[in-house]
Amino acid sequence: MAGTEGPDSTEIDAELEREVNVTWSRTRCWHGETVTIRVRTNHVPDGTAVILRIFPDDVAGEIVSVEGLTINGSSLDHDYTIDWGTTAIPEDASEFVVRAVIDDNPSDPSPTLVVDLNIPIFSA
(Lines give C-alpha, C1' and ligand atoms only; values in the text may rest on other atoms or scores of the structure.)
Protein backbone atom coordinates (compact mmCIF):
# COMPACT_ATOMS: atom_id res chain seq x y z
CA MET A 1 0.00 0.00 0.00
CA ALA A 2 1.49 3.33 -1.08
CA GLY A 3 1.72 6.17 1.44
CA THR A 4 -0.02 8.64 -0.88
CA GLU A 5 -3.19 6.61 -1.44
CA GLY A 6 -6.46 7.05 0.41
CA PRO A 7 -8.01 9.89 2.41
CA ASP A 8 -5.58 9.47 5.34
CA SER A 9 -2.42 10.07 3.29
CA THR A 10 0.55 11.35 5.29
CA GLU A 11 2.87 12.04 2.37
CA ILE A 12 2.85 15.06 0.11
CA ASP A 13 4.74 15.12 -3.17
CA ALA A 14 6.22 18.63 -3.10
CA GLU A 15 9.57 20.35 -2.99
CA LEU A 16 10.21 22.67 -0.06
CA GLU A 17 11.91 25.93 -0.92
CA ARG A 18 14.81 26.92 1.26
CA GLU A 19 14.70 30.45 2.64
CA VAL A 20 17.71 32.27 4.08
CA ASN A 21 17.50 35.82 5.46
CA VAL A 22 20.49 37.76 6.76
CA THR A 23 20.48 40.99 8.80
CA TRP A 24 22.84 43.07 10.92
CA SER A 25 21.88 43.82 14.52
CA ARG A 26 22.47 47.53 13.90
CA THR A 27 22.35 49.95 11.00
CA ARG A 28 25.51 51.90 11.87
CA CYS A 29 28.70 51.34 13.86
CA TRP A 30 32.28 52.50 14.34
CA HIS A 31 35.30 50.52 13.24
CA GLY A 32 36.30 48.33 16.19
CA GLU A 33 32.75 47.73 17.46
CA THR A 34 31.00 44.38 17.59
CA VAL A 35 27.77 43.74 15.70
CA THR A 36 25.68 40.59 15.45
CA ILE A 37 25.07 38.99 12.07
CA ARG A 38 21.71 37.22 12.22
CA VAL A 39 20.81 34.38 9.85
CA ARG A 40 17.27 32.99 9.80
CA THR A 41 16.33 29.97 7.70
CA ASN A 42 13.49 27.66 6.72
CA HIS A 43 14.00 24.04 5.66
CA VAL A 44 17.72 24.00 6.54
CA PRO A 45 18.76 21.10 8.78
CA ASP A 46 20.65 21.69 12.04
CA GLY A 47 24.40 21.36 11.62
CA THR A 48 24.42 22.74 8.07
CA ALA A 49 27.59 24.74 7.39
CA VAL A 50 27.29 28.48 6.75
CA ILE A 51 29.84 30.90 5.32
CA LEU A 52 29.28 34.62 5.92
CA ARG A 53 30.67 36.88 3.20
CA ILE A 54 30.88 40.65 3.69
CA PHE A 55 30.95 43.00 0.70
CA PRO A 56 30.99 46.74 0.19
CA ASP A 57 27.53 47.67 -1.09
CA ASP A 58 27.41 47.97 -4.90
CA VAL A 59 30.98 46.68 -5.29
CA ALA A 60 31.94 43.24 -6.56
CA GLY A 61 34.27 41.13 -4.44
CA GLU A 62 34.13 40.23 -0.80
CA ILE A 63 36.40 41.81 1.76
CA VAL A 64 35.85 39.31 4.60
CA SER A 65 34.73 35.68 4.79
CA VAL A 66 33.77 33.99 8.07
CA GLU A 67 33.77 30.18 7.98
CA GLY A 68 33.22 27.35 10.45
CA LEU A 69 29.68 28.36 11.47
CA THR A 70 26.57 26.15 11.51
CA ILE A 71 22.81 26.51 11.60
CA ASN A 72 21.13 25.46 14.85
CA GLY A 73 17.37 25.70 15.34
CA SER A 74 16.92 27.37 11.94
CA SER A 75 19.11 30.29 13.00
CA LEU A 76 22.59 31.61 13.59
CA ASP A 77 23.60 34.68 15.62
CA HIS A 78 27.28 35.46 15.11
CA ASP A 79 28.99 38.30 17.02
CA TYR A 80 31.41 39.93 14.60
CA THR A 81 33.96 42.62 15.43
CA ILE A 82 34.59 45.16 12.67
CA ASP A 83 38.40 45.02 12.62
CA TRP A 84 39.48 45.76 9.07
CA GLY A 85 42.76 47.55 9.76
CA THR A 86 44.72 45.26 7.43
CA THR A 87 41.86 44.57 4.99
CA ALA A 88 41.85 46.19 1.55
CA ILE A 89 38.64 48.21 1.41
CA PRO A 90 37.66 50.26 -1.64
CA GLU A 91 38.19 53.97 -1.17
CA ASP A 92 35.14 55.84 0.13
CA ALA A 93 33.34 52.57 1.00
CA SER A 94 31.15 53.01 4.06
CA GLU A 95 28.12 50.76 3.44
CA PHE A 96 28.46 47.00 3.69
CA VAL A 97 26.22 43.97 3.14
CA VAL A 98 26.57 40.36 4.20
CA ARG A 99 25.45 37.17 2.45
CA ALA A 100 25.09 33.72 3.98
CA VAL A 101 26.30 30.89 1.74
CA ILE A 102 24.71 27.49 2.39
CA ASP A 103 25.55 24.54 0.11
CA ASP A 104 27.25 26.92 -2.37
CA ASN A 105 24.05 28.98 -2.67
CA PRO A 106 24.40 32.61 -1.54
CA SER A 107 21.46 34.35 0.10
CA ASP A 108 20.15 37.71 -0.95
CA PRO A 109 22.25 40.53 0.51
CA SER A 110 21.38 41.92 3.91
CA PRO A 111 20.31 45.51 4.43
CA THR A 112 23.34 47.79 4.56
CA LEU A 113 25.48 48.47 7.61
CA VAL A 114 27.14 51.88 7.64
CA VAL A 115 30.62 51.61 9.14
CA ASP A 116 32.46 54.77 10.15
CA LEU A 117 35.99 53.65 9.33
CA ASN A 118 37.79 56.90 10.15
CA ILE A 119 37.90 58.74 13.44
CA PRO A 120 35.97 62.00 13.05
CA ILE A 121 37.89 65.27 12.97
CA PHE A 122 36.46 67.79 15.41
CA SER A 123 37.07 71.49 15.03
CA ALA A 124 39.03 73.26 17.72
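Which residues is Leu52 in contact with, leaving aside its neighbours within four places in sequence? Keep that in mind while you load the view. This is a predicted model.

**Stop 1: the whole chain**

Show the protein as a cartoon. There are nine strands and zero helices. From the N terminus on, the order reads β-β-β-β-β-β-β-β-β. Now switch on the surface. The accessible surface comes to about 8300 Å². Carbon and sulfur atoms account for 45% of that area. Of the 124 residues, 31% count as buried. Look at the contacts next. Among those between residues at least 6 apart in sequence, 60% join residues at least 24 apart.

**Stop 2: the nonpolar core**

Hide the surface. Select Ile37, Val39, Leu52, Ile54, Tyr80, Ile82 and Trp84. These are the residues with the most contacts inside the largest nonpolar core, which has 27 residues. Then colour the strands that feed this core. At least two residues each come from β1, β3 (34-42), β4 (49-56), β5 (64-70), β6 (75-81), β7 and β9 (113-116). Which strand gives the largest share of this core? Colour β7 separately: this strand supplies four residues.

**Stop 3: Leu52**

Back to the opening question. Centre on Leu52 and show its contacts. Ile37 and Val39 are among them. So are Val64, Ser65, Val66 and Leu69. Add His78 to the selection. Finish with Val98, Arg99 and Ala100, which complete the list once neighbours within four places in sequence are set aside. Ile37 and Val39 were also in your Stop 2 selection, as was Leu52.

**Stop 4: Arg26**

Move to the loop between β1 (19-24) and β2 (28-30), and pick Arg26. Is this residue buried, partly exposed or exposed? Arg26 is partly exposed, because its relative accessible area is 32%, between the 20% and 50% cut-offs. Not counting residues up to four places away in sequence, Arg26 touches Glu33, Thr34, Val35 and Leu113. Draw a distance from the C-alpha atom of Arg26 to that of Val114. The two atoms are separated by 8.9 Å, although the residues are 88 places apart along the chain.

Now show the side chains of Arg26 and Glu33. A polar contact of 3.1 Å joins them. The pair also forms a salt bridge, with the closest N and O atoms 3.1 Å apart. Glu33 is partly exposed as well, with a relative accessible area of 26%.

**Stop 5: other salt bridges**

How many salt bridges does the count come to? The answer is five. You have just seen one of them, Arg26 with Glu33.

Select Arg18 and Asp103 next. Their side chains meet in a salt bridge of 2.8 Å, N to O. Arg18 lies in the segment before β1, and Asp103 sits in the loop between β7 (95-102) and β8 (105-106), so the pair ties together parts that are 85 residues apart in sequence. Arg18 is partly exposed at 35% relative accessibility. Asp103 is partly exposed too, at 48%.

Last, select Arg53 and Glu62. The closest N and O atoms of this salt bridge are 3.1 Å apart. Glu62 is partly exposed, with a relative accessible area of 37%. Arg53 also counts as partly exposed, at 27% relative accessibility.

Methods:
Residues are numbered from 1 along each chain as its sequence is written. This is a predicted model: local features need pLDDT of at least 70, side-chain atom pairs count only at pLDDT 80 or more; totals for chains, interfaces and linings use all residues. Side-chain values use heavy atoms; hydrogens and water are left out. Buried means under 20% relative accessible area, exposed over 50%, partly exposed in between (1.4 Å probe, protein chains only). Contact means heavy atoms within 4.5 Å. A polar contact is a pair of N or O atoms within 3.5 Å; within protein, one must be able to donate a hydrogen and the other to accept it, and residues adjacent in sequence count only if both atoms are side-chain atoms. A salt bridge is a side-chain nitrogen of Lys or Arg within 4 Å of a carboxyl oxygen of Asp or Glu. Accessible areas come from the Shrake-Rupley method with a 1.4 Å probe; for residues, only the protein chains shown count as cover. A nonpolar core is a set of buried Ala, Val, Leu, Ile, Met, Phe, Trp, Tyr and Cys residues joined through side-chain atoms within 4.5 Å.
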